[in-house]
Amino acid sequence: MLFLLLQLLAVFPGGGNADGLKEPVSFHVIQIASFYNHSWKRNLVSGCLGDLQTHTLDRNSKTIIFLWPWSRGNFSNKEWKELEMLFHIRCIRFLEEMHRYSRELQFEYPFEIQVTGGCELHSGKFSGSFLHLAYQGSDFMSFQNNSWLASPVAGNMAKRLCKVLNQNQHKNDLTHSLLRDTCPRFISGLLAAGKAHLQRQVKPEAWLSRGLSPGPGHLQLVCHVSGFYPKPVWVMWMRDEQEQQGTQRGDILPNADGTWYLRATLEVAAGEAAGLSCRVKHSSLEGQDIVLYWGENELGPRLEMPRGGPQA
């Protein structure tokens with residue numbers, strides 16, 4: 001099976017490689033198979049480079065869809081056709097095997113199987129691979145050292161399935177080769193082909209709003225930051241130079257154009273809101289933080305120069 005996943009761009013500012021990606025760089029594929037009954041199932045497959053989705057599988061034609069012009073990496077059309085055929089066969093057979101053994105394994109409909117796998121590069125060199133299977137959202141088994149191993153918390157069902165899968169050593173050898181040989185080579189080509197896109201810097205926009213009232217005499221201040229790339233960003237409510245520890249950051253969410261969005265909130269007594277500001281740091285700003293002051297009727301972000309004025 002070609003299951004590849006990628007973890008990328010986490011915390012600001014973070015240590016990165018030449019492409020600006022946080023090390024280690026990984027690529028992963030996640031497959032979610034939902035079984036509603038013996039005849040009705042749904043299979044969703046997507047591939048990601050870090051947090052950026054790069055591939056998906058068309059559910060009707062069963063072909064791989066390239067979500068970016070560089071998503072082919074440096075693989076030839078022949079290599080992609082072979083991978084597509086192999087992945088298609090493995091996905092279908094995987095579903096068939098789950099159906100075939102569902103009664104023996106005591107799986108009760110409806111149930112869901114999640115498979116996530118891939119590999120990592122550190123400083124351009126292979127640093128590890130992973131392939132995990134979850135049943136109903138819980139660890140079930142994983143692929144290690146050329147064979148399937150049951151999770152200690154999964155019980156006898158997982159042990160029985162591992163025993164069945166490990167009877168076919170040819171398939172295990174193929175999985176091992178895809179994870180440790182094909183996957184690292186693919187990441188290298190993907191990083192090279194997508195270098196311009198992955199290295200781009202897009203400045204954020206920021207604005208303030210009032211959130212839902214947390215209670216009488218209190219305010220929820222909301223700082224919105226949107227349209228930034230890469231993902232690492234620092235957002236904090238401030239009073240002068242003092243960080244407000246009550247700042248709550250939401251999840252960093254994707255925009256449709258591949259940039260990111262984040263909101264940071266702070267609950268305060270209504271009389272204490274004056275003098276508060278929201279500060280945004282991002283690599284694209286080159287040291288010129290965005291600072292927005294609560295109560296000022298500004299139409300857009302205000303750029304604050306670093307201490308000491310403009311740098312020569």
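Start by selecting Asn146, which sits in the loop between S7 and S8; helices (H or I, at least four residues) and strands (E, at least two) are DSSP runs, numbered from the N terminus. Asn146 has a positive phi of about 75° although it is not a glycine. With 21% relative accessibility, Asn146 counts as partly exposed; buried means under 20% relative accessible area, exposed over 50%, and partly exposed in between (1.4 Å probe, protein chains only).

A word on the model before you move on. It is predicted, so local features need pLDDT of at least 70 and side-chain atom pairs count only at pLDDT 80 or more, while totals for chains, interfaces and linings use all residues. Residues are numbered from 1 along each chain as its sequence is written, and side-chain values use heavy atoms, with hydrogens and water left out.

**Backbone oddities**

Next, pick Gln136, in the loop between strand S6 (125–135) and strand S7 (138–144). Gln136 also is not a glycine, yet has a positive phi, of about 55°. Its relative accessibility of 42% makes Gln136 partly exposed.

Now show the backbone from Tyr109 to Pro110: this peptide bond is cis, with omega near -10°. Look for Pro110 in the loop between helix H1 (77–101) and strand S5 (111–122). A cis bond also runs from Tyr229 to Pro230, with omega near 5°; Pro230 belongs to the loop between S10 and strand S11 (234–239). Why stop at such places? Most residues other than glycine have a negative phi, and most peptide bonds are trans.

**A stop on the surface**

Select Val153, in the loop between strand S8 (147–150) and helix H2 (156–165). Val153 counts as exposed, at 71% relative accessibility. Draw a distance from its C-alpha to that of Met141: the two are 12 residues apart in sequence and 9.4 Å apart in space.

**Along helix H3**

Colour residues 169–193 to bring up helix H3. Its 25 residues should span 36 Å at 1.5 Å a residue, and the end C-alpha atoms are 35 Å apart, which agrees; the expected span is 1.5 Å times one less than the number of residues. At the N-terminal end, Asn168 acts as a cap, with a side-chain oxygen 3.3 Å from the backbone nitrogen of His170. Follow the helix to Leu178, where H3 bends by about 35°; the bend is the angle between axes fitted to the seven residues ending there and the seven starting there. Buried residues of H3 include Asn172, Thr175, Cys183, Pro184 and Phe186.

Stay in H3 and select Leu190. At 0% relative accessibility, Leu190 counts as buried. Leaving aside neighbours within four places in sequence, Leu190 is in contact (heavy atoms within 4.5 Å) with Phe27, Leu49, His55, Trp70, Ser71 and Gly73. Of these partners, try Ser71: it is 119 residues away along the chain, but the two C-alpha atoms are separated by 6.5 Å.

**Into the cores**

A nonpolar core is a set of buried Ala, Val, Leu, Ile, Met, Phe, Trp, Tyr and Cys residues joined through side-chain atoms within 4.5 Å. Which members of the largest nonpolar core touch the most others? Select Leu49, Ile187, Leu221, Val235, Trp237 and Val280, out of 47 residues in this core. H3 gives the most to it, with six residues. Domain 1 (25–199) and domain 2 (205–294) both contribute residues, so the core lies between them; the domain bounds come from an automatic or database domain assignment.

Zoom in on Val280, whose contacts beyond four places in sequence include Pro204, Val225, Trp234, Val235 and Ile290. Another core, of 25 residues, lies apart from the largest one; among its members are Ile113, Phe140, Ala158 and Leu161.

**A polar pair in S10**

Go to His224 in strand S10 (residues 218–228). His224 counts as buried, at 10% relative accessibility. Its side chain makes a polar contact with the side chain of Ser209, at 2.7 Å. (A polar contact is a pair of N or O atoms within 3.5 Å; within protein, one must be able to donate a hydrogen and the other to accept it, and residues adjacent in sequence count only if both atoms are side-chain atoms.) Beyond four places in sequence, the contacts of His224 also include Trp207, Tyr261 and Arg263.

**Zooming out**

Finally, show the whole protein, with its four helices and 18 strands. Of its 312 residues, 45% count as buried.
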